[in-house]
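Q: I have never read a protein model before. Please take me through it one feature at a time.

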Amino acid sequence: MNRFAARGGRYTALAAMLFAVSMTFIDQSIVSIAAPDIVRELGLTATGVQWVVNAYLLAMAAAFALGGRLSDVLGHRRMVLVGIAVFAVSSALCGAAPSGDIAQTWLVAFRATQGIGGALMFPAALAIVVSVFPVEERGRALALFFGLSGGLTAVGPILGGWLTTWTWRGIFWVNIPVAIVAVVLTLRADIRTEHRREPLDLPGAALVAGGMAAAVLGLQQAQSWGWGSAATWACIVGGLVLLAAFVAVELRTEVPLIKVRVFRDRAFSADNAVLFFAMIAFVPVFFFASVYSQVALGSSASEAGLYLLIFFAGFGPAAQIGGRVLDKRGAKPSMLAGTLVSAGGFALWGHTATDLSLGAQWFYIVMAGAGIGLLLGPASTDAVNRSIGASYGEVTGITQTVRNFASALGMAALGTLLVHTTADRITDTLRDEGLPAAEARAVGDALGDSITGAGGGDHTGSGPTAELVQRVWPEIQRDYAEATQAVLYAMAAALVLSFLACLFHPGTRVLGDGGPEGGGAGDGSAPGGAAADGGPSGGGRTAV
């Protein structure tokens, strides 16, 4: 245990880092609540408002690995402060978005810089928490970290609903006082961590950022380009090629951005696979459930915030249970239980989505949240505990890259599914009401594209078609519920894949900081000799 942790100041550091990262968690959900108001004032399309959400997630995913390395090279505390500054300034600029043609470009650009600020801040903050707690207390500490962070994610929808009644711009401006508190606490906490004087792998950073950006762009734009478009597949395949090139470059680089050989550890690979498939559901659910509440259930923005809070009624307590299970029995039992519970919860939530009744859904929403709470902290903590001579900043950079890339992919792929399914269902409804097929398709496509952002679609106005849409609006609400049902079923399928990934985990656990790595490659410990890289967290953990 380091000097700082031995003085009993580790909980002060935990509080400081929790405030620092709270902005990133709140922003994962708060924008979803304000999406309809942003669309109405600035005239964004459904695809545009999804990019306001997705640009943030994608930028975080693309920059996390570099953020982790920068924290190792420049110091964790310094990078936390830099990240806070970038995030806060970007938030202020998002809140100052002008109206007109530039609005969408402005918001997407500064949401992306928000994500970069989060990517600089989060790996360094998590590395500080990990480094000041001994391994036998780390599960509880990170359960508290992720549990309270999850609670702050729940605050996002509620705060967003309240602020939106004043102005949607307030959802960005609220980050400014939070950033000030975070800076003050970080400066007051006597945080002292080691850092390395090493070169940065800028070619690797460019390849991983470009690869993820291209792949997600292809998935996102499939809504408008179509799945048969050459541009769609050029982006997806091109992105995957760049990611493959990144792996090849890292294997030959003396000081790589990511030590790819850490994936030789079977447990580390399983942890990251669990996180990847789980995060396809976890962050996107805030956006889709929020819009479902407002469109299908007819809720206000503040009521939609309370709808999402139900999810965290399960998530928060389960995160604490998962941390205690991790400390006593390792990560695998909690991950297995969590993936099964969440898969069942999302499937049953989807089954009841077309009932258009909160009373029929709430238990399954709690169930879905509890499952995610059980698996998230143990998978993340176990992966970090198994760093192979790489510092905690680098390894948290890896795990957070995986998590945020999966979130961005989930937003893109599930958004495509939602828009197309909604358009198809509405088209069928209008055809059944006697509207000619071509006109029904045109109206269905227009509503499918706008309904996500417009909080119910533009079904006002005059004329026979507008009157028909108004008259059959309850059926269109059910059409949207059916589209959301398909999204929830897809999330359940992703969590089934997460469960299968759990089965590959060897079930070993990391016991302490003092001894050599146990076993050989493939049994849940690091490959022999891997800890020779040195560094503040290299070696020193015993896997059993």
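Q: Let's start with empty space: which residues line the second largest cavity?
A: Rolling a probe the size of a water molecule over the atoms shows where empty space is left. On a 1 Å grid over the protein atoms alone, a cavity is a set of points where a 1.4 Å probe fits but cannot get out, and a lining residue has an atom within 4 Å of a point. Here the lining consists of G139, A143, F146, A319, G322, G323, L326, G373, G377, P378 and T381.

Q: What should I know about the numbering and the model itself?
A: Residues are counted from 1 along each chain as its sequence is written, and side-chain values use heavy atoms, leaving out hydrogens and water. The model is predicted: local features need pLDDT of at least 70 and side-chain atom pairs count only at pLDDT 80 or more, while totals for chains, interfaces and linings use all residues.

Q: How many cavities are there, and what is the volume of the second largest?
A: Grid points are joined across faces, edges and corners, and a volume is the space filled by probe spheres set on the points. There are two cavities of 30 Å³ or more, and the second largest has a volume of about 40 Å³.

Q: Which helices supply at least two residues each to that lining, and how many of the lining residues are polar?
A: Helices (H or I, at least four residues) and strands (E, at least two) are DSSP runs, numbered from the N terminus. Helices α6 (135–166), α13 (301–329) and α15 (358–385) each give at least two residues to the lining of the second largest cavity. Ala, Val, Leu, Ile, Met, Phe, Trp, Tyr, Cys and Pro count as nonpolar, Asp, Glu, Lys and Arg as charged, and the others, Gly among them, as polar. On that scheme, the lining has six polar residues, five nonpolar and no charged ones.

Q: How many helices and strands does the whole chain have?
A: The protein chain has 19 helices and zero strands. Of its 544 residues, 59% count as buried, where buried means under 20% relative accessible area, exposed over 50%, and partly exposed in between (1.4 Å probe, protein chains only).

Q: Is helix α11 enclosed or open?
A: Twelve of the 17 residues of α11 are buried, so the helix is largely enclosed by the rest of the structure. Among these buried residues are F268, D271, N272 and F282. Helix α11 (residues 266–282) reaches 24 Å from its first C-alpha to its last, close to the 24 Å expected at 1.5 Å a residue, the expected span being 1.5 Å times one less than the number of residues.

Q: Which residues have the most contacts inside the largest nonpolar core?
A: In soluble globular proteins, nonpolar side chains tend to be buried together. A nonpolar core is a set of buried Ala, Val, Leu, Ile, Met, Phe, Trp, Tyr and Cys residues joined through side-chain atoms within 4.5 Å. The largest one has 139 residues, and F145, F311, F346 and W349 have the most contacts inside it. Helix α2 (residues 10–42) gives the most to this core, with 17 residues. Apart from it lies another core of eleven residues, including I426, A440, W473 and I476.

Q: What does F145 touch beyond its sequence neighbours?
A: Contact means heavy atoms within 4.5 Å. Leaving aside neighbours within four places in sequence, F145 contacts L14, M17, L18, V21, F122, L126 and V129. Across the protein chain, residues 24 or more positions apart account for 82% of the contacts with a separation of 6 or more.

Q: Where does G350 lie, and is it buried or exposed?
A: G350 sits in helix α14 (residues 331–352). Its relative accessible area is 0%, which means that G350 is buried. The C-alpha atoms of G350 and Q485 are separated by 4.5 Å, although the two are 135 residues apart along the chain. Not counting residues up to four places away in sequence, G350 touches Q485, L488 and Y489.

Q: What is the phi of L356?
A: Most residues other than glycine have a negative phi, and most peptide bonds are trans. L356 is not a glycine, yet its phi is positive, about 55 degrees. L356 is placed in the loop between α14 and α15, and it counts as partly exposed because its relative accessibility is 26%.

Methods
On a 1 Å grid over the protein atoms alone, a cavity is a set of points where a 1.4 Å probe fits but cannot get out, and a pocket is an open set with protein on both sides within 12 Å along at least five of seven lines; lining residues have an atom within 4 Å of a point.
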